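Welcome! Here is a short briefing to help you find your way around a structure that may be new to you. Please take a look at it first, and then read on.

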Amino acid sequence: MHGRRVSASGEVLDAADLVIIEAAGAQRSPTVAWDSYDFFVAWSDERGALGFALRGAVVSPTGDITVPDLLLVDEREDEQAPAIAASGFGVSLIAYERFGFGGNIRAQRVCESEVTTWVRGSLDVVVDPGFGRVVSGDG
């Protein structure tokens, strides 16, 4: 997966692509957020035999990949369709859909200062979307 930085006015800042990840299997559904310090990129990644996991990378304002290929979520089911919301203080929330038995919408916090010590486990946001049950606990 490759990318380029774009200014707020729409100007492309990089003459060549930034290589976010080059790996076997499918990498898809990339999402990017600015957290006031760096860009955080997340995507669905199908390298393993058990389906899609979520992986990410941290990209500096100058375009350097400072934390490459970070495993974010691998719950042994297909984790797909990530979306990121940044707080503006180095903390982001990544929400995603988990497919498989008991599939649901889940979320996980990403803290820039602790990006390499990702906390395993995530919060159920919606369980069984067809029934519209909302979970407010910590999963």
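**A first tour**

The largest pocket has a volume of about 210 Å³. Keep in mind as you explore that this is a predicted model. The chain has 0 helices and 11 strands, and 37% of its 139 residues are buried.

**The largest pocket**

- Twelve names are worth picking out here: the pocket is lined by Met1, His2, Gly3, Arg4, Arg5, Leu18, Ile20, Pro30, Val32, Phe39, Val41 and Val59.
- Three elements each give two or more residues to this lining, namely β1 (2-3), β3 (26-34) and β4.
- By kind, the lining residues divide into 8 nonpolar, 2 polar and 2 charged.

**The chain as a whole**

- Following the sequence from start to end, you meet the pattern β-β-β-β-β-β-β-β-β-β-β.
- If you take the contacts between residues at least 6 apart in sequence, 30% of them join residues at least 24 apart.
- About 7600 Å² of the chain is exposed, and carbon and sulfur atoms supply 56% of that area.

**The nonpolar cores**

- In soluble globular proteins, nonpolar side chains tend to be buried together.
- The largest nonpolar core here holds 13 residues, and those touching the most other members are Phe40, Ala42, Leu54, Leu72, Val73, Ile84 and Ile94.
- At least two residues of this core come from each of β4 (39-46), β5 (53-59), β6 (65-73) and β8 (91-99).
- The strand that gives the most to this core is β6, with 4 residues.
- Another core, of 7 residues, lies apart from the largest one, and its members include Ile20, Ile21, Val41 and Trp43.
- Ile20 and Val41 may look familiar, since both also appear in the lining of the largest pocket.

**Two residues and their contacts**

- Which residues does alanine 42 touch, leaving aside its neighbours within four places in sequence? Its contacts are Ser29, Pro30, Thr31, Arg55, Gly56, Leu72, Pro82, Ile84 and Ile94.
- Threonine 31, one of those contacts, has its place in strand β3.
- Is threonine 31 buried or exposed? Threonine 31 counts as buried because its relative accessible area is 14%, under the 20% cut-off.
- With neighbours within four places in sequence again set aside, threonine 31 is in contact with Phe40, Val41, Ala42, Pro82, Ala83 and Ile84.

**Positive phi angles**

- Aspartate 69 is not a glycine, yet it has a positive phi of about 50°.
- You will find aspartate 69 in strand β6, where it is partly exposed, with a relative accessible area of 25%.
- Alanine 81 is not a glycine either, and its phi is positive at about 55°.
- Alanine 81 is found in strand β7 (residues 78-86).
- Why does alanine 81 count as partly exposed? Its relative accessible area is 43%, and partly exposed covers the range between the 20% and 50% cut-offs.

**A glycine in a loop**

- Where is glycine 90 found? Glycine 90 is in the loop between β7 and β8.
- Glycine 90 counts as buried, at 4% relative accessibility.
- Glycine 90 and tryptophan 34 are 56 residues apart in sequence, and their C-alpha atoms are 8.7 Å apart in space.

Conventions. Residues numbered from 1 in each chain as written. Predicted model: local features only at pLDDT ≥ 70, side-chain atom pairs only at ≥ 80, totals over all residues. Heavy atoms only, no water. Buried < 20%, exposed > 50% of the residue type's maximum accessible area, 1.4 Å probe, protein only. Contact = heavy atoms within 4.5 Å. Areas by Shrake-Rupley, 256 points an atom, 1.4 Å probe, with all protein chains shown as cover. Core = buried A, V, L, I, M, F, W, Y, C linked by side-chain atoms within 4.5 Å. 1 Å grid on protein atoms, 1.4 Å probe; cavity = no way out; pocket = protein on both sides within 12 Å on 5 of 7 lines; lining within 4 Å. Points joined across faces, edges and corners; volume = space filled by probe spheres on them. Nonpolar A, V, L, I, M, F, W, Y, C, P; charged D, E, K, R; others polar.
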